[in-house]
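Got the model open in your viewer? Here's a short tour, one selection at a time.

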Amino acid sequence: MIRKFVEKLSIHSILIFVSLLSIFPFIWLISTSLKGLDENIFAYPPVLIPQQFTWNNYVGVWYKVNFMGYFVNSMIVAGLTVFLNLLLSSLAAYPLARMNFAGKKIFFFAILATIMVPFQAIMLPVYLITIKLHLLDSVNNIMGYLGLVMPFAVSAFGIFLMRQAFLTVPKEMEEAAIVDGCNVFQVFFKVVLPMVKPTLAVLAIFTFIGSWGEFLWPSIVLTKDAMYTLPVGVNNLQGMFSSNWRFIAAGSILSTVPIVIFFLALQKYFISGENDGAVKG
Amino acid sequence: MFSFYKKYAPYLFLLPAGVVLIVFFFIPFFQTIGLSFFGYENSIYDPAFIGFGNYKKLVTSPVFYKVMANTFIYLFAVVPFLVIFPLFLAILINQKIRCVTLYKILIYLPVIVSIVVAAIAFKWLYAQNGILNYFMQTFGYNPVGWLTDPKYSLYSVAIVTIWKGVGYYMMIYLASLMSVPQDLYEACDIDGAGFLKKHLTVTVPHLMPTIALVSTISAISAMKVFAEIYVMTKGGPLNSSKTIVYYIYERAFENLDLGYASALSVVLLVIVLAFSVINVLFFEKNRYQI
């Protein structure tokens, strides 16, 4: 009995300690962002609870930095990326799961090959091609958004995830629809796709998170401040406010609020442990 | 009509994804290899074919060796930690205890937050007269230049990567812990095996495939590290925290040395390809079977 108690106690203490480590960098950032101008943010010993509590740093960055614009840009880019991934991945996955055709193996292994090559190794030619196609924010905003989205419009990961889902749909469903006179595209959009909604949701959520946090590609292609996505905008705070850590902290926290709300609202998709299939390399 | 659909339908389905993959993956892939044989010293608009010139430049450049050493030190600092520690946490969380969801949420939080914000948060912890150095001094050590001392910068960056990855790999382990037969644990309890023995004899052997999977995917993502370095150190001081992707970025987009950057990319390509082939052939075989 006592042994059980000690065991539980030590498990809880370790987990509480690790949880605190996980959130402490944010807590310290929040604390700094709420400290007033007359308060020394480098005080020794450090003070966690702001002595001169103020929202002024948040108001300050909000007026100096176009957060709403960054947020809208991130929404447009992530939304479009999710939409294209759902559409293109499931379209490509369906014949790989269900049809027999010449060259199926070639398509299969060609798509599999794309998993093994990191984007970072081919980003330079991708950039050159993006320039050639005029998908740049210096052309116009729509082209700018497309330039951010198109290299990530489909992923082999998504195709294989959708293929796995299609393999579990009973063939009888499709056969019945064909007997009823549906053509293959109607079968796909009206019968098969609605049956894999849970997998579509998983793909949507993980694509969204990936696109929302993407930093390398936007920082390569973007040239206009008005087109910045949140990660690029937040990195830019460092240059704007060089050593004004109150503002940098407030801006960083502000930019994090939307994704934390998103995470808490959909937490079961991330932490239920049932989405083993959504492991992304 | 129907036979028309039957014959061409698969290709029509594959067409949109195929076009995107050809334009933004296959062409750039071969172009990377092609560009690595061209020299851009004279003009970016008029490259000259120089054969293996860029590769020769690579193997004679001290910076290249420094960068490769950094990349692998970083890899060997990050991977063991991300393989073992999340497994340990997953086992703890998998015990029948309260507050499991809360722990999971808190430990997973760093995973979903933007890497840029995470790096800024750590930069603030690492500041010269920041909170971490306060603790160092309380314990009787001198303040450390976490990001400004060439001795420490790479490890300081690695800590951020570890901190951000733990929750992610913990969830992978938790998913596969569900498949460990419970009666094996009961047998251990009857034998009176302790916590450590129980998990070393039952859990670890059962999770071997997952452990291997986590090893390869954490190694692949360690090879690709960029944002942490870009936000915190820009590869410095004195190249001490410069790894291969940051070096590629710098050569390609700041120095416009496209040929040299492409040769570097080919090196990255070969290394990641090796890890990926192992991963796909051995550990994720089931998912990628035709």
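## Stop one: the core

This is a predicted model, and a good place to begin is its largest nonpolar core, with 167 residues, where Ala92(A), Ala119(B) and Leu268(B) touch the most other members. Next, pick out helix α7 of chain B, residues 153–177: this helix supplies the largest share of that core, 13 residues. Now colour chain A by domain. Domain 1 (2–54) and domain 2 (64–278) of chain A each give residues to the core, so the core lies between them.

Zoom in on Ala119(B). Which residues is Ala119(B) in contact with, leaving aside neighbours within four places in sequence? Show Val160(B), Ala227(B), Glu228(B), Val231(B) and Met232(B), and you have the set.

## Stop two: where the chains meet

Switch to the two chains. On the chain B side, 77 residues are in contact with 75 residues of chain A. To see where chain B gets its side from, select helix α1 of chain B, residues 2–35, which brings the largest share, 19 residues. Colour that side of chain B by class and you'll find 64 nonpolar residues, 10 polar and three charged.

## Stop three: two domains of chain A

Finally, go back to chain A, whose domain assignment gives domain 1 (2–54) and domain 2 (64–278). How far apart do the C-alpha centres of these two domains lie? The answer is 35 Å. As for direct contacts, six residues of domain 1 of chain A are in contact with six of domain 2 of chain A. Select the domain 1 side of that contact and you get three nonpolar residues, two polar and one charged.

Conventions. Residues are numbered from 1 along each chain as its sequence is written. Chains are lettered from A and ligands numbered from 1 in the order in which they are written. This is a predicted model: local features need pLDDT of at least 70, side-chain atom pairs count only at pLDDT 80 or more; totals for chains, interfaces and linings use all residues. A nonpolar core is a set of buried Ala, Val, Leu, Ile, Met, Phe, Trp, Tyr and Cys residues joined through C-beta atoms within 7 Å. A residue is buried if 20 or more other C-beta atoms lie within 10 Å of its own, exposed if 12 or fewer, and partly exposed in between; C-beta atoms are placed from the backbone. Helices (H or I, at least four residues) and strands (E, at least two) are DSSP runs, numbered from the N terminus. Domain bounds come from an automatic or database domain assignment. Two residues are in contact if their C-beta atoms, placed from the backbone, lie within 7 Å. Ala, Val, Leu, Ile, Met, Phe, Trp, Tyr, Cys and Pro count as nonpolar, Asp, Glu, Lys and Arg as charged, and the others, Gly among them, as polar.
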